[in-house]
Amino acid sequence: MRIPTLEPSQDTQSLRSALSSSDVILDAIFGFSFKPPVRAPFDAALPLIAQAGLPIVSVDIPSGWNVDQGKMDDIALDPDVLISLTAPKEGVRQFKGRHFLGGRFVPKYVLL
């Protein structure tokens, strides 16, 4: 698909450059087991992403949010769209944007 990726780095210039040539941000940085606080290098990356002025689409839980308690500090992202895989997490109760559920992609249980 030729999707460009960034090499891991403490320097934020490559991220700034990528954001300046992007149309949308797909946020899938942390998994649903993430527990704050946000640590380096993500503590520098999340504010850059938030300030980019681009629409943000988060997968399962917005980056920086606690899966059970939701957004707990200002460094966490505030996406425009959230796509929950299978079922919404407890921590997204306070999410106010557009929310899509991926549950229709989960196979139905087969009773034997």
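**Group meeting: a walk through the predicted model**

Let me start with Pro41, which sits in the loop between β1 and α2. This is a predicted model, so please take everything I say as computed from that prediction. The peptide bond leading from Ala40 into Pro41 is cis, with omega near 0°. There is another proline to mention in the loop between β1 and α2, namely Pro37. The bond from Pro36 to Pro37 is also cis, and omega there is near 15°. I bring these up at the start because most residues other than glycine have a negative phi, and most peptide bonds are trans.

On the phi side of that, look at Asp60. Asp60 is not a glycine, but its phi is positive, about 75°. Asp60 belongs to the loop between β2 and β3. With a relative accessible area of 9%, Asp60 is buried; the cut-off for that label is under 20%.

Now the overall layout. The protein has two helices and four strands. Read from the N terminus, the order is α-β-α-β-β-β. The C-alpha trace spans about 55 × 35 × 25 Å along its principal axes. There are 112 residues, and 31% of them are buried. If you take the contacts with a separation of 6 or more, 57% of them join residues 24 or more positions apart. The exposed surface comes to about 8,000 Å², and carbon and sulfur atoms supply 57% of that area.

Next, the strands. β2 pairs with β3 in the parallel sense, over three bridges. β3 in turn pairs with β4, again parallel, over four bridges. To see this on screen, start from Val59: its bridge partner in β3 is Ile83. Then go across from Ile83, whose partner in β4 is Phe100.

Ile83 and Phe100 come up again on the surface. Together with Leu85, they make a nonpolar patch of about 240 Å². Leu85 is located in the loop between β3, residues 81-84, and β4, residues 98-101. Leu85 counts as partly exposed because its relative accessibility is 44%.

While we are at β4, find Arg98, which is in that strand. Arg98 is exposed, at 55% relative accessible area. Setting aside neighbours within four places in sequence, Arg98 is in contact with Asp80, Val81 and Leu82. Its C-alpha atom is 9.0 Å from that of Pro79, and those two residues are 19 apart along the chain.

Back to the loop between β2 and β3, where we also find Ser63. Is Ser63 buried or exposed? At 1% relative accessibility, Ser63 counts as buried. What does its side chain make a polar contact with? The partner is the side chain of Asp27, at 2.3 Å. Beyond four places in sequence, the residues that Ser63 touches include Ile29, Phe30, Leu46 and Ala76.

Last topic, charge pairs. Side chains of opposite charge can pair when their charged atoms come close. The count here is four salt bridges, and I will go through some of them.

Take Lys35 and Asp68, whose closest N and O atoms are 3.7 Å apart. Lys35 is in the loop between β1 and α2, and Asp68 is in the loop between β2 and β3, so this salt bridge ties together parts that are 33 residues apart in sequence. Lys35 is partly exposed, with a relative accessible area of 42%. Asp68 is partly exposed as well, at 48%.

Another pair is Lys71 with Asp78, where the closest N and O atoms are 2.5 Å apart. Lys71 is partly exposed, its relative accessible area being 22%.

Then there is Glu90 with Arg93, with a closest N to O distance of 2.6 Å. Glu90 counts as partly exposed at 44% relative accessibility, while Arg93 counts as exposed at 67%.

If you want places to look afterwards, I would name these. Look at the cis bonds into Pro37 and Pro41. Look at buried Ser63 and its polar contact with Asp27. And look at the nonpolar patch of Ile83, Leu85 and Phe100.

Conventions: Residues are numbered from 1 along each chain as its sequence is written. This is a predicted model: local features need pLDDT of at least 70, side-chain atom pairs count only at pLDDT 80 or more; totals for chains, interfaces and linings use all residues. Side-chain values use heavy atoms; hydrogens and water are left out. Patches are made of residues with over 30% relative accessible area and no salt bridge: like charges are joined within 9 Å, nonpolar side chains (Val, Leu, Ile, Met, Phe, Trp, Tyr) within 5 Å. Accessible areas come from the Shrake-Rupley method with a 1.4 Å probe; for residues, only the protein chains shown count as cover. A salt bridge is a side-chain nitrogen of Lys or Arg within 4 Å of a carboxyl oxygen of Asp or Glu. Buried means under 20% relative accessible area, exposed over 50%, partly exposed in between (1.4 Å probe, protein chains only). A polar contact is a pair of N or O atoms within 3.5 Å; within protein, one must be able to donate a hydrogen and the other to accept it, and residues adjacent in sequence count only if both atoms are side-chain atoms. Contact means heavy atoms within 4.5 Å. Two strands pair if DSSP finds at least two bridges between them.
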